[in-house]
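Open your viewer and get ready to click along. We will select one piece after another and look at what is there.

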Amino acid sequence: MRDTPSTPVGLVTRLAAVAVGVLALAGERATPLAATPDPAAVVIARGFMFAPVSLTVAAGSTVSWVNKDDEPHTVVSDSGLFRSGAMDTNQSFAFRFDRPGTYRYACSIHPRMTGTIIVR
Amino acid sequence: MRTEADESRRRALKCLAFGGAGTLFTLAGGVFTPIDLAVAAAGKTAGAAAKPLFVQISDTHIGFSKDANPDVAGTLGRTIDLVNALPAQPALIIHTGDITHLSKPAEFDLAQRMFAGFRVPELHTVPGEHDTSDAAVTEYFARFGRASGDRGYYSFDHGGVHFLALVNVLEFKPGGLGALGAEQLAFVAADLAARAASTPIVVFAHMPLWTIYEPWGWGTADAPQLTAQLRRFGSVTILNGHIHQIVQKVEGNMTFHTARSTAYPQPPAGEGPGPGPLKVGAGHLAKMLGITSVSVVKHPRALALTDATLA
């Protein structure tokens, strides 16, 4: 854009319309990440809780978990699909979700810490 | 099982020193009575005179290095020296889990090298959830699985006492407590079936075998199915770790007791966001770390539990 200071007003309008359309679509589905795989889907473990406790991503997205507690945590899928090793403070684990579904998980060190990844 | 004896490593650990004050509990008529350890060490109580049948250590958390205790290997070394300096050596040592902090091979290796420094060569272990937190859940079993055929749980006899080593950190219920599982409960039933009710029973597992604080997972969901099997025995001692502090309960002939950690204390139930390391002021840490020793005081009816701190 820097090289084309005389951008036609029509193009800007069309881009804005596309942007509004994407936002509207996201609003309808209540899944802002559903349009394309999200490269930055992150769940934080802090204060013995996963946040967000439920995260919705598009199929093909890679979800990362980052431990912000002094205690180590793990991420273990109820179904056995994925299992991290122990994550010490500031360590992370990532898993790519290719198929739609609801994936529940827990920390095997603190089993009351649970979360859900919903893949659309 | 026995640890690999390694004399040179033992000698290397001999230089570490330990303090002498602490608290000792004897079981008298079902009530724990605290006695100053300095008095006990001077041989002025019956409890101190008894030869310990075994010593329990717990939650060594090798690999932990945060503020609550930057030197957990150092405090384990002091613990080993404390045990080695007991006037009468116990027949065996049990470790109720969380040997390591992160299930890393180097952590297990260091722990095993240090355990070889005990004068008592016989060590029995159960895993804590920190020992099974490697992705493949193989590091603990590769080192300590032989006693149990890689199941983790097993039983043995010593000094007329029957020991059950149980695992309640593998079949956890998401959102809930630890669990033993149907297979292990069936093992216990078969193991106890032929035993006389007069046989003293010691059960040890990492997580408490009664619910101390459910919101923090301080309990075992199917423990009532275990204790139902133990009720007919005249003397049952149930030893756990996990919560890094002493909590005890007497129910009929069953004495429940959790041990201190050798690494760092944790807050009392419900204080703070969760069961994380508790940082205490300088000079207070050693008072919150320690061991439990268990003696037969009125064979075969009663065992006495003694808690000693590193301070």
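**A strand with two partners**

Start by selecting β7(B) and strand β8 (residues 201-204) of chain B, which pair in the parallel sense over four bridges. Strands are DSSP runs of E with at least two residues, helices are runs of H or I with at least four, and both are numbered from the N terminus. Two strands pair if DSSP finds at least two bridges between them. To find one bridge, click B:H162, whose partner in β8(B) is B:I201.

A word about what you are viewing: this is a predicted model, in which local features need pLDDT of at least 70, side-chain atom pairs count only at pLDDT 80 or more, and totals for chains, interfaces and linings use all residues. Residues are numbered from 1 along each chain as its sequence is written, while chains are lettered from A and ligands numbered from 1 in the order in which they are written.

Now add strand β6 (residues 154-158) of chain B, which runs antiparallel to β7(B) and is joined to it by five bridges. Which residue of β7(B) is the bridge partner of B:F156? It is B:F163. Between the two strands of this hairpin lie two residues, and B:G159 takes a positive phi near 60° there.

Keep β7(B) (residues 161-165) selected and show its surroundings: the strand is largely enclosed by the rest of the structure, because four of its five residues are buried. A residue is buried if 20 or more other C-beta atoms, placed from the backbone, lie within 10 Å of its own, exposed if 12 or fewer do, and partly exposed in between.

**Over to chain A**

Colour chain A by secondary structure to see one helix and eight strands. From the N terminus on, the order is α-β-β-β-β-β-β-β-β. Of the 120 residues in this chain, 29% are buried.

Next, select A:V42 in strand β1 (residues 41-46) of chain A. Is A:V42 buried or partly exposed? A:V42 counts as partly exposed because 15 C-beta neighbours lie inside 10 Å. Leaving aside residues up to four places away in sequence, A:V42 touches A:S64 and A:V66. Residues are in contact if their C-beta atoms, placed from the backbone, lie within 7 Å. Try a distance label too: A:V42 and A:W65 are 23 residues apart in sequence, yet 5.7 Å apart in space, C-alpha to C-alpha.

**Where the chains meet**

Finally, show both chains: 21 residues of chain A are in contact with 20 residues of chain B. Chain A's side has six nonpolar, seven polar and eight charged residues. Here Ala, Val, Leu, Ile, Met, Phe, Trp, Tyr, Cys and Pro count as nonpolar, Asp, Glu, Lys and Arg as charged, and the others, Gly among them, as polar.

Conventions
Two residues are in contact if their C-beta atoms, placed from the backbone, lie within 7 Å.
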